[in-house]
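Thank you all for making time this morning. I would like to walk you slowly through one model, so please keep the sequence and the structure open while I talk.

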Amino acid sequence: MTTTRLPRRATALLAGLALAALAGCGAADKGPAEALGTKGPAAPVKAVPVAPPGLAGMPPLLDPNDVYAADRPGKLSPVVKDFPSRVYVPNTTSNTVSVIDPVTYKVIDTIPVGAQPQHVVPSWDLKTLWVNNNRGHTLTPINPATGEAGKPVEVHDPYNLYFTPNGKYAVVMASMDKELVFRDPHTMDRVKTVPVTCFGVNHADFSADGRYFIVSCEFSGELLKVDTEKMEVVAQQKLPFEGAMPQDVKVSPDGKTFYVADMMAHGMWVLGGDKFETPKLLPTGKGCHGLYVSRDSKEMYVSNRGEGSVSVFDFTQNKLTKKWELPDGGSPDMGGVSADGKVLWLSGRYNSEVYAIDTATGKELAKIPVGGGPHGLAVYPQPGRYSLGHTGIFR
């Protein structure tokens, strides 16, 4: 029998492979193999929770459980900390803006603007106040550092104005034109026009991640859901109330629930924005109109324009806990909360006056005469890192 002798190097190689196979079997019996360069088993990899992706470029929330965490009392941005504290009141039938000193409760200036000013809106970067001259088809910029008005910018049908959470676009609520118009937030040049099939687009608020916003359509009693990045309407529904007239929109601190004031249903519609299901009505008072969150994110003040009252909604208890009656009635409409959170300022839409209300007691601190048809007043400056628009939605 002939024996074939393997070269010495091949023999060594086969021996090494055999030992490796035996080692592999032994490792399977004894448990996980040791990691290279260690004296014990490899440390397990910990799963890191991944936050849902938000709108590209949006500043991250300070607290994922509270979209208003940046709005605490006195927490002013360096951009606005030296601005004088003022209340800016657009008078729709006088075509002026009344400027109130909140310390003295006196009107200290009256600024002429365009036809039918509806709202005074802080810009996303907090540097400018834009007066929405609805029928004048212009926006008048006001420098909040000096209180001086600048040259009006031509913008058609600017009933209301918002800003995407990343500051990329201004969104004009062109109510009569039946359009949402995305514009450059500085020049106001038109970027994209989104026609809508509802009537009277007017108020809105954004989801916690900024990826969509809910819009109220006043004259057809409808709601829209709009994809922020795509700039497209992705859902639409009719409110389940004959003659509904939805107004202000506000998201809850945890970002899960949207509230929509309705002046004809006399209450707030409550719905989940993600699912955009049929909402439920929570009665508040006649002519429910404006919605404003307290500085501690615990409560929301609800103006009832038709009965001269303010309802207080508790987010934790999920119910109305108080109602403040104005001593002489009136028509509390739009407004905002002072920087320290102690005073709620509201325009008196049909009474040519502005109300200052103590947020601790509900007591009327002052009633100040202004021009005709005061509407979307802005308290400025307010805490927050950036503005989403309207009379001041800050995050």
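Let me begin with the lining of the second largest pocket, which by class is made up of six nonpolar, six polar and three charged residues. Before going further I should say that what you have on the screen is a predicted model, and everything that follows should be heard with that in mind. The pocket itself holds about 230 Å³ of space, and of the 15 residues that line it, those closest to its centre are Tyr159, Glu218, Phe219, Arg349 and His375.

Please keep Phe219 selected, since this residue also belongs to a nonpolar patch on the surface, together with Met176 and Phe199. Taken together, the three residues of that patch have about 340 Å² of accessible area. Phe199 sits in the loop between strand E12, residues 190-195, and strand E13, residues 201-206, and because its relative accessibility is 44%, Phe199 counts as partly exposed.

From the surface I would like to turn to charged pairs. As a general point, side chains of opposite charge can pair when their charged atoms come close. How many salt bridges does a search of the whole structure find? The search returns ten, and I will go through three pairs, beginning with Asp205 and Arg395, whose closest N and O atoms are 3.6 Å apart. This pair links distant parts of the chain, given that Asp205 is in strand E13 while Arg395 is in the segment after strand E29 (378-380), 190 residues apart. Are these two partners buried or exposed? Asp205 has a relative accessibility of 0% and therefore counts as buried, and Arg395, at 1%, counts as buried as well.

The next pair is Lys250 with Asp248, a salt bridge in which the closest N and O atoms are 3.7 Å apart. Lys250 has a relative accessible area of 5%, so this residue is buried, and Asp248, with a relative accessible area of 0%, is buried too.

The last pair I want to show is Lys367 with Asp328, whose side chains meet in a salt bridge with an N to O distance of 2.9 Å. Here again the pair links distant parts of the chain: Lys367 lies in strand E28, residues 364-369, whereas Asp328 lies in the loop between strand E24 (319-325) and strand E25 (332-337), and the two are 39 residues apart. As for accessibility, Lys367 counts as partly exposed because its value is 36%, while Asp328, at 59%, counts as exposed.

Let me finish with the backbone, where the background is that most residues other than glycine have a negative phi, and most peptide bonds are trans. With that in mind, please look at the bond joining Tyr380 and Pro381, which is a cis peptide bond with omega at about 0°; Pro381 lies in the segment after E29.

Which residues should we check for a positive phi? One of them is Tyr105, which is not a glycine and yet has a positive phi of about 60°. Tyr105 is placed in the loop between strand E2 (96-101) and strand E3 (106-112), and with a relative accessible area of 27% this residue is partly exposed. Gln116 also has a positive phi, near 55°, and is found in the loop between E3 and strand E4, residues 117-122; its relative accessible area is 29%, so Gln116 is partly exposed.

Methods:
Residues are numbered from 1 along each chain as its sequence is written. This is a predicted model: local features need pLDDT of at least 70, side-chain atom pairs count only at pLDDT 80 or more; totals for chains, interfaces and linings use all residues. Side-chain values use heavy atoms; hydrogens and water are left out. On a 1 Å grid over the protein atoms alone, a cavity is a set of points where a 1.4 Å probe fits but cannot get out, and a pocket is an open set with protein on both sides within 12 Å along at least five of seven lines; lining residues have an atom within 4 Å of a point. Grid points are joined across faces, edges and corners, and a volume is the space filled by probe spheres set on the points. Ala, Val, Leu, Ile, Met, Phe, Trp, Tyr, Cys and Pro count as nonpolar, Asp, Glu, Lys and Arg as charged, and the others, Gly among them, as polar. Patches are made of residues with over 30% relative accessible area and no salt bridge: like charges are joined within 9 Å, nonpolar side chains (Val, Leu, Ile, Met, Phe, Trp, Tyr) within 5 Å. Accessible areas come from the Shrake-Rupley method with a 1.4 Å probe; for residues, only the protein chains shown count as cover. A salt bridge is a side-chain nitrogen of Lys or Arg within 4 Å of a carboxyl oxygen of Asp or Glu. Helices (H or I, at least four residues) and strands (E, at least two) are DSSP runs, numbered from the N terminus. Buried means under 20% relative accessible area, exposed over 50%, partly exposed in between (1.4 Å probe, protein chains only).
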